[in-house]
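Me: Here is the protein that I should like to go through. Please take my questions as they come.

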Amino acid sequence: MQNASAGPRRARVARRAGSLTVAMVATIAIGAVALAQGKSRGRAASALSLTSKPWGSVGGKAVRLYTLSNGHMKVNITNFGGIIQSIDTPDRHGTMSDVTLGFANLAGYEANDATTQPSGGSGTTYFGATIGRYANRIAGGQFTLDGKTYHLPVNNGPNTLHGGTNAWNKQVWAPTTKTSATDVALTLSLTSPNGQDGFPGTVVATVTFTLGATNSLQIHYHATTDAPTVINMTNHSYFNLAGQASGSILGEKLMINADSYTPTNAVQIPTGQIAPVAGTPFDFRHLKAMGRDITADNHQLILAHGYDHNFVLNRAGPGLTLAATAEDPVSGRTLTVTTTEPGVQLYTGNFLVGELVGTTGRLYRQGAGFTLETQHYPNSPNQASFPSTTLNPGTPFDSTTVFSFSTVK
């Protein structure tokens, strides 16, 4: 999703063959991960570990960097902003690389989260962050709930993006860890007070990151409220399956399990239309290079300077469903995303301009990473026809997304 200072500007394998259904593809993809990455479950389970180290402080609160490992995949997560700082996975030859964009230290994230960004820069990128209360955009910085209009800080042209100016990506979350014979888990908890960034109700949120014997990172979101409010949580990791800072992702291939998407207006607010992807550059129903159609003469691509759009996932019912698969032909790394959410936002790093220094000291330029933000649709509080994002007392918000990594020959 576009950065917060950019305003309205923006630019394995899952080949669906023969009579294979989407559900079958999802089953095959996840099964392949389990087979390829977990042949020796006893050995993998014995390699499970969860460690942490001090990583500074924010507002007098201690920040730590947590490392979840299963012996063949390593994930670094910090309780500042619930940020996935890095994910190291092997390529087809067993060479490990970090496949997410991020900063080497806490200061990098604090600087990028600053309310005021230098003119002409990449702006707030939300690398790896847990997003809330509301992921994506809310039009005009306001919404009406139960007859009352709530006003939010605007930080994306005329809109509120990713929760506003004091959102969850800037908070220090309370950590709890758990280690078992089958997995390791980090749970982060946050109490968001009534009125924070204009949202009603006191919300208690948790996000749990779980790594087991296979190369799958599960993220489970849970939230409760003491008064009606709205909520839309996601993770904002930027992926580059060739390795972070390795160059453009436009040659990497992507499939999105969606027959339609939500077009936007000039300030990237959905028009309310659910449009078919068939015959458009937004057709990712079969694996194709992300850059194949990105320069097409298409009004939506022009508005966003590339892909920054919500796709309406094909769902046959509740539970985890296949959202997307991605593949890097060079390294052989693949990513499969399953989710309980109704949508996923594809963003192709359109406004990374080359001034941000990544974890290995190299610069992030346009197209350096892509996001697959599983979510409810943008601006849902102002679109009655979209799936509801209202959260009421006594009815918790629960959502799960799984990022599964593997390789192809």
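**Backbone, rings and a charge**

Me: Is Asp 197 buried or exposed?

Reply: Asp 197 counts as buried because its relative accessible area is 11%; buried means under 20%, exposed over 50% and partly exposed in between, with a 1.4 Å probe and protein chains only. This is a predicted model, in which local features need pLDDT of at least 70 and side-chain atom pairs pLDDT 80 or more, while totals for chains, interfaces and linings use all residues. Residues are numbered from 1 along each chain as its sequence is written, and side-chain values use heavy atoms, with hydrogens and water left out.

Me: Where does Asp 197 lie?

Reply: In the loop between β12 (183-192) and β13 (203-212). Helices and strands here are DSSP runs, numbered from the N terminus (helices: H or I, at least four residues; strands: E, at least two). The phi of Asp 197 is near 55 degrees, a positive value in a residue other than glycine. Most residues other than glycine have a negative phi, and most peptide bonds are trans.

Me: And what is the phi of Tyr 126?

Reply: Tyr 126 has a positive phi of about 60 degrees, although it is not a glycine. Tyr 126 belongs to the loop between α3 and β6, and it counts as buried because its relative accessibility is 3%.

Me: Which residues does a cis peptide bond join?

Reply: Gly 132 and Arg 133, with omega about 0 degrees. Arg 133 lies in the loop between β6 and β7 (137-138).

Me: Which side chain of opposite charge is nearest to Arg 133?

Reply: Asp 226, 7.2 Å away; Arg 133 is buried yet has no salt bridge. A salt bridge is a side-chain nitrogen of Lys or Arg within 4 Å of a carboxyl oxygen of Asp or Glu. Lys and Arg count as positive and Asp and Glu as negative, with His and the chain ends not counted.

Me: What does the side chain of Arg 133 reach at 2.6 Å, then?

Reply: The backbone oxygen of Gly 201. In addition, the backbone oxygen of Pro 193 lies 3.1 Å from a polar atom of the Arg 133 side chain.

Me: Turning to the rings: how many aromatic pairs are there in the whole structure?

Reply: A search of the whole structure finds 19 aromatic pairs. Rings of Phe, Tyr and Trp (its six-membered ring) pair if their centres lie within 6.5 Å; planes under 30 degrees apart count as stacked, over 60 as edge-to-face and the rest as tilted. One of the pairs, Phe 103 with Phe 127, is tilted, at 5.2 Å centre to centre and 45 degrees between the planes. That pair links distant parts of the chain, 24 residues apart: Phe 103 is in the loop between β5 (96-98) and α3 (106-112), and Phe 127 in the loop between α3 and β6 (130-131). Phe 103 and Phe 127 are both buried. Tyr 377 and Phe 386 form an edge-to-face pair, 5.1 Å centre to centre with 80 degrees between the planes.

Me: Why does Tyr 377 count as buried?

Reply: Because its relative accessibility is 7%. Phe 386 is buried too, with a relative accessible area of 6%.

Me: Which residues do ring pairs link into a cluster?

Reply: Trp 55, Phe 103, Tyr 109, Phe 127, Tyr 238, Tyr 347 and Tyr 364.

Me: Lastly, how much of the protein is buried?

Reply: Buried residues make up 59% of its 409 residues. The secondary structure comes to four helices and 30 strands.

Technical notes:
A polar contact is a pair of N or O atoms within 3.5 Å; within protein, one must be able to donate a hydrogen and the other to accept it, and residues adjacent in sequence count only if both atoms are side-chain atoms.
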